[in-house]
Amino acid sequence: VPRDCGGRHAARPGHSRRTMSLVTSRVPSAVSARAASSRTSRARVSSVVGVSTRLRTSGRSRPAVPTSAVATDKPASDRPSLTKIIEKPPALLSCGERTAAVPYYDGAVDRPVLINDAAREAIASSAAKDFIALPTREDPALVRLRDVLEKGWRVMEPTGSGHAGLWPELFDAGADLVKSQFPQFGDDDAVEVLPGTGWLDPSLETDAIDWVMRRPEGHVVSSKIHFATRLHRDPDSWTNPKTPQRPKDGWTDLAMPDRDRYQYRFVNVWIARSAIDPTGQVWQSPLVVCLPRDGGEREWKFEKRKISMDDTEAEKEYNVRGITLNPKTWIPGTNRLLRPLWQGDAGDAKASGKSTSGDGFGGGEEELTAEEIAKFEFPELTSEDAHSFVTGPAMVFDSFDLWHGAARWEEDKAFTDELRRIDVKGRQPFHRARCSIEMRFRVKIDMKADGAAKRWGPFASAVASGKFRDDGLRDSEAKYDLAKGVVAK
């Protein structure tokens with residue numbers, strides 16, 4: 001597999017950029033329970049007027065790869081199937097490596113990002129097959145999931161995010177895909193795929209964010225939740241203790257019952273729905289995933305940061321071009337990992353008794369207390385050349401164990417021009433803008449069942465040793481005994 005697609009990583013290895021920009025197991029019982037409580041919500045969704053996303057193209061005729069996967073205003077019967085649109089890229093650009101600016105906290109760093117078969121080979125060679133899979137476009141479970149997406153997208157798009165009960169057929173198809181990608185976890189008697197993370201009290205499960213559609217900030221079609229533009233892992237990515245959907249104390253007992261017998265892996269299904277470029281990737285803002293260290297037996301180095309209420313720090317973390325915001329209105333009111341499109345005025349928020357957030361996760365209703373500020377912490381991955389990143393237009397990965405975030409392609413202009421020559425629509429900003437959806441699942445594995453997985457995951461091992469319960473977050477460079485499912489001494 002050709003590795004380098006013409007990027008400039010070889011000329012500038014580790015170059016630091018100080019500014020950042022942007023098989024067939026079902027779960028009907030779990031999802032149906034939520035669906036019963038969702039009929040009212042579904043009715044509200046259907047009443048919202050959809051937003052037109054018609055593409056305008058030039059009348060000039062040039063060879064092009066039919067790659068658009070953006071919803072149009074054509075009647076459903078006239079629209080081509082999504083699975084038919086995303087086709088194999090030209091052989092001439094079937095390469096295995098590109099260069100992207102990866103968003104570490106201290107500044108984006110140019111890193112090689114493996115794609116296509118080269119990425120799959122790296123996953124296998126780094127003992128990461130229990131953590132991530134890149135299904136091929138022909139995978140039957142992926143084809144079915146894409147068909148479900150195509151049928152329900154325009155109905156669910158105005159809502160943008162929500163709990164699994166709003167879209168049960170999506171989670172049925174997603175569960176099938178998860179099981180098909182990780183057969184090594186066990187058969188149907190050993191493995192159950194549950195919708196969502198389960199970290200909220202059952203009485204609040206309709207507040208959960210189990211699925212979310214994402215688009216760039218300021219895009220003509222707005223999304224309630226934008227890309228997470230810093231490397232993070234889901235359970236400890238939250239950077240404000242007031243965020244309502246953040247897991248609270250005791251959440252591991254809710255989400256991981258009977259964990260002496262059952263292993264829980266928290267798996268995200270991420271699907272690109274926008275146009276695919278001639279290398280088989282999204283045109284912009286690829287979601288990159290860092291492969292685990294030593295097959296998951298050791299943590300990468302990271303720093304545990306504390307909340308800072310300093311204006312300078314706020315301005316450093318919040319950098320949206322063309323939008324003027326008061327940093328003080330942003331810090332108390334939202335998850336600082338995600339960047340809200342518009343935060344509003346602090347005075348208006350206080351007068352209404354709550355703050356607002358363009359990131360869709362809501363803000364805290366009160367100012368942070370000194371105790372909360374002192375206690376709360378969140379990790380930031382330290383940049384290392386040893387990090388290996390992969391991406392693809394469809395990924396199934398352990399979001400609790402693998403660092404991930406939206407990067408930016410960083411390549412020679414000549415290479416970018418070649419992509420746009422092959423697909424002339426790539427010259428249009430709307431065509432290039434990434435649109436994606438992600439779904440959250442829990443994979444529950446009976447470790448005592450015949451044929452079940454023999455190794456525990458790092459996150460499950462950390463929780464078994466007290467992390468996220470009474471001993472804070474995971475530790476930088478911690479080692480795990482995955483055979484026993486505990487932190488190694």
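Where does Gly-107 lie? Select it to begin: Gly-107 is in strand β3, residues 107-114. Helices (H or I, at least four residues) and strands (E, at least two) are DSSP runs, numbered from the N terminus.

**Before going further**

This is a predicted model, in which local features need pLDDT of at least 70 and side-chain atom pairs count only at pLDDT 80 or more, while totals for chains, interfaces and linings use all residues. Residues are numbered from 1 along each chain as its sequence is written, and side-chain values use heavy atoms, with hydrogens and water left out.

Colour the chain by pLDDT, the predictor's confidence in each residue, from 0 to 100. The average over the chain is 75, and 63% of the residues score at least 70. Now select residues 9-13, where the pLDDT is below 50; beyond near neighbours in sequence, this stretch has 8 contacts in the model. A contact means heavy atoms within 4.5 Å. Residues 317-365 also have a pLDDT below 50, with 128 contacts in the model beyond near neighbours in sequence. Where pLDDT is low, the predicted coordinates should not be read in detail.

**Gly-107 and helix α4**

Return to Gly-107. It is buried, with a relative accessible area of 5%. Buried means under 20% relative accessible area, exposed over 50%, and partly exposed in between (1.4 Å probe, protein chains only). Add Ser-383 to the selection: its C-alpha atom is separated from that of Gly-107 by 9.3 Å, although the two residues are 276 apart along the chain.

Next, select α4 (116-125). Ala-118, Ala-119, Ala-122 and Ile-123 are buried in this helix. They cover an arc of only 140° around the axis, which puts them on the same side of α4. The arc is that of the directions from the helix axis to the C-beta atoms. What covers these buried residues includes β3, β4 and β12 (389-390).

Step past the end of α4 to Ala-127, in the loop that leads to β4 (132-133). Ala-127 has a positive phi of about 55° although it is not a glycine. At 49% relative accessibility, it counts as partly exposed. Another residue to select for its backbone is Asp-294, which has a positive phi of about 50° and is not a glycine. Asp-294 lies in the loop between β9 (287-290) and β10 (302-306).

**Helix α6**

Select residues 168-181, which make up helix α6. At 1.5 Å a residue, its 14 residues should span 20 Å, and the end C-alpha atoms are 20 Å apart, which agrees. The expected span is 1.5 Å times one less than the number of residues. How many of the residues of α6 are buried? The count is 13 of its 14 residues, so the helix is mostly covered.

**The aromatic rings**

Show the side chains of Trp-199, Trp-251, Phe-266, Phe-400, Phe-459 and Phe-468, which form one aromatic cluster. A search of the whole structure finds 15 aromatic pairs. Rings of Phe, Tyr and Trp (its six-membered ring) pair if their centres lie within 6.5 Å; planes under 30 degrees apart count as stacked, over 60 as edge-to-face and the rest as tilted.

Within the cluster, zoom in on Trp-251 and Phe-400, an edge-to-face pair at 6.1 Å centre to centre, with 75° between the planes. The pair links distant parts of the chain, 149 residues apart: Trp-251 is in helix α7 (residues 251-255), and Phe-400 is in the loop between β13 (394-398) and β14 (404-406). Both residues are buried. Then move to Phe-459 and Phe-468, a tilted pair at 5.2 Å centre to centre, with 55° between the planes. These two are buried as well.

Two arginines are also worth selecting with their rings. Arg-98 lies over the face of Trp-409, at 3.9 Å from the ring centre. Arg-265 lies over the face of Phe-131, at 5.2 Å from the ring centre. A charge sits over a ring if NZ of Lys or CZ of Arg is within 6 Å of the ring centre and within 35 degrees of the ring normal.

**Asp-412 and helix α12**

Finish at Asp-412, in the loop between β15 (408-409) and α12 (413-422). At 32% relative accessibility, Asp-412 counts as partly exposed. Add Thr-99, 313 residues away along the chain: the C-alpha atoms of Asp-412 and Thr-99 are separated by 9.6 Å.

Now select α12 itself. Which residues of α12 are buried? They are Phe-415, Leu-419 and Ile-422. These cover an arc of only 70° around the axis, which puts them on the same side of α12. On the other side of α12, Lys-413 and Ala-414 are exposed. What covers the buried residues of α12 includes β2 (97-104).
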